[in-house]
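Hi there,

Here is the structure I promised to pass on to you. Have a look at it first, and then read my notes below.

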Amino acid sequence: MRIEGPALKVGDKVDTDVIIPAKYLVHTDPAILAQHVMEPLDPEFPKKASRGVILIAGKAFGMGSSREQAAIALKAAGVRAVVAESFARIFYRNAINNGLPALALPGISSQVNEGDHVVIDVETGELIINGSRRLKAKPITGVALEILRSGGLMNYLKSRV
Amino acid sequence: MGGTLTEKILGRASNRDVSPGDIIEVSIDLAAFHDLTGYHVVEVMEKLGKVRVWDLDRFVVAFDHLAPPPTQRAAEIQVGLRKFVKSTGVKFFHDVGEGILHQILLERYALPGQVIIAADSHTTTVGAVGAFAQGMGASDVAAALILGKTWMMVPEPFMVRLVGKPSLGVMGKDLALYLLGEFGAEGFNGKSLEFLVEEPSAFPMDYRATVSNMGIEMGADAAMFIPDSETVNYLRMSRDIEVKPIAPDPGARYVDEFTVDLGKLEPMVAAPHSVDNVKPIDELEGVEVDYVFIGSCTNGRISDMEVAARILKGRRVRSRCIVIPASYDQYMKSLDAGYIEVLSRAGCVVTYGTCGPCLGGHFGIAGPGEVVVSTGSRNFRGRMGHPDAKIYLSSAAVAAASALEGRLADPRRYIG
């Protein structure tokens, strides 16, 4: 599974209250959520992400609430994959369940600049930056990979419930 | 198998020997959702064409985040969920006013040794009675409700030993904040916390619930208090049941251990805008405070009301103060003890059984530039309303003292 796009960067400890504030949790419509993603941090984020981006994040990305809308909003806004120094557990599951690849790579923040072209191989965890520099993230494996390959938890479950 | 509480519980629930790092499938003992996540769970079930619950004896629903509904959309969500409750035959449904989900689970349902999954991150709260309890997103919970099981990776068990007893004015929240300051937010990512209380009565259930609640802020997969005489007494008093404590095996292998002398703790505060931006109260005293909130699943219990009433008795608050016991039960106990009258006469606005202001929901949204002291669990930018509000997290003692003085204040002046 190969995913690519320009890098859009955020810092450490970006929590789910920032990714999608609680007042929007009465919505599940991806189109509505996409308009408000990262609002407290950067109201221009949806515009920046709309061309299709690889989100590069620092430590503890998605920490805080279990709100699945955080993953839904990011994907709907144009984020094709997230590569972070580390992920909060619940966000990681929500991302995979919504077909949004999430790969952990300690040190990624200092290795990628805003706008760099990033190519990701989800199964091997390999990243190629600007066509030449290679990095290695923890690959997505096991049940998480099966869910991603199915296109998300809903599709994965359809054959199992 | 290392013999820790984590491995014993997950081993039983997956019917195999487990070790940290293993991906396992567990049977769920108890599942739950509230109003703000429940409607999303039901939507997922509808998309799957499977609106059914695997075992209605193991499923709890409570309305709390939108209780009572502050908008038409919120009311619509609750009306829809009541229909789901009726058509599915949900047995354990707690409507507006009964209480915050985690407090209800603690009071009525959670048992030592259970695997508990709910659609809310603060599900870790019932780790206080020794359950392996964690939150998940709506899709995961929908799958769990249909199948009665879920997959998880076995976390690394980490032992925290609590010795001695807290000094006057120091409460459960101060231990939670101390650990956040030491280890950082997400410091226990990939780990499950197991707390061993050397002197069980020194750290009562209310304090344990606060610490387990904040386990998610520390990044822990679960935050469990190893069951002891305090656990047995709590369940006997609150539910009239006798439980046998389960324990780690002697020589159980933990990834690491940390000991806290409870007697050395001081009142602590998490300053804006991060839950691990922790400082002792004396470094922050004097900061002017506009608004104090005492409540939430973190700190809305009788011992929180008791200390607030002790500090505010016969006095008037200088800061706007909103007090919300976390359940009808905690409210009625506080009422019977006279705390509600004391707090009301002190000028606090009191209601019960709602998450309200904790997440900027309703019943006290923070405005631009306001300085807030909250007994909740999160102080991220925008958490309680305007992104320019500044939120300090603290115990109910610090919050009450701060409301009294109109600025961050050390509660020990008013206690003992």
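**What I found**

Let me begin with a helix on a sheet: α2(B) lies across β2 (30–34) and β3 of chain B, and runs at about 105 degrees to β2(B). Contact here means heavy atoms within 4.5 Å. Axes are lines fitted to C-alpha atoms, for helices over the stretch in contact, with angles from 0 to 180 degrees between N-to-C directions. Helices (H or I, at least four residues) and strands (E, at least two) are DSSP runs, numbered from the N terminus.

Some background before you go on. This is a predicted model, in which local features need pLDDT of at least 70 and side-chain atom pairs count only at pLDDT 80 or more, while totals for chains, interfaces and linings use all residues. Residues are numbered from 1 along each chain as its sequence is written, chains are lettered from A and ligands numbered from 1 in the order in which they are written, and side-chain values use heavy atoms, with hydrogens and water left out.

**Two sheets in chain B**

The sheet under α2(B) belongs to chain B. An open sheet of five strands in this chain has the order β4-β3-β2-β5-β6, with parallel pairing (two strands pair if DSSP finds at least two bridges between them). At its edges stand β4 (92–94) and β6 of chain B, each with a single partner strand, so one side of each has no neighbour in the sheet. On average, neighbouring strands of this sheet are turned by 15 degrees against each other, direction ignored. Strand β3 (residues 59–62) of chain B runs parallel to β4(B) and is joined to it by three bridges; B:Ala62 stands opposite B:His94 in β4(B). Helix α1 (residues 5–14) of chain B also packs on this sheet, where it touches β5 (115–118) and β6 of chain B, and its direction makes about 80 degrees with that of β5(B).

There is also an open sheet of four strands in chain B, in the order β10-β9-β8-β11 and again with parallel pairing. Its edge strands are β10 (222–225) and β11 (256–261) of chain B, each pairing on one side only. Here neighbouring strands are turned by 20 degrees against each other on average, direction ignored. Strands β8 (residues 156–163) and β9 (residues 191–197) of chain B pair in the parallel sense over seven bridges, and B:Met159 stands opposite B:Glu194 in β9(B). Helix α6 (residues 172–183) of chain B lies across β8, β9 and β11 of chain B, running at about 130 degrees to β11(B).

**Where the chains meet**

How many residues does each chain bring to the contact? Chain B gives 39 residues and chain A gives 34 residues. The area buried between them is about 3,200 Å², of which carbon and sulfur atoms give 60%; buried area is the accessible area (1.4 Å probe) that two parts lose on being put together, summed over both. In chain B, the residues that lose the most area to chain A are B:Leu48, B:Trp151 and B:Phe380, together 18% of what that side buries.

Across this interface the rule finds four salt bridges (a side-chain nitrogen of Lys or Arg within 4 Å of a carboxyl oxygen of Asp or Glu). B:Arg383 forms a salt bridge with A:Asp17, and the closest N and O atoms are 3.2 Å apart. Over all chains, the count comes to 35 salt bridges. B:Arg383 lies in the loop between β17 (371–374) and β18 (390–393) of chain B and A:Asp17 in helix α1 (residues 16–19) of chain A, so the pair joins two chains.

**A few details**

In chain A, strands β6 (residues 126–129) and β7 (residues 133–136) pair in the antiparallel sense over four bridges. They form a hairpin with three residues between them, and A:Asn130 in the turn has a positive phi of about 50 degrees. A:Met38 has a positive phi of about 60 degrees although it is not a glycine; A:Met38 lies in the loop between α2 (30–36) and α3 (45–49) of chain A.

In chain B, the peptide bond from B:Ala67 to B:Pro68 is cis, with omega near -20 degrees, and B:Pro68 is found in the loop between β3 and α3 of chain B.

Best wishes
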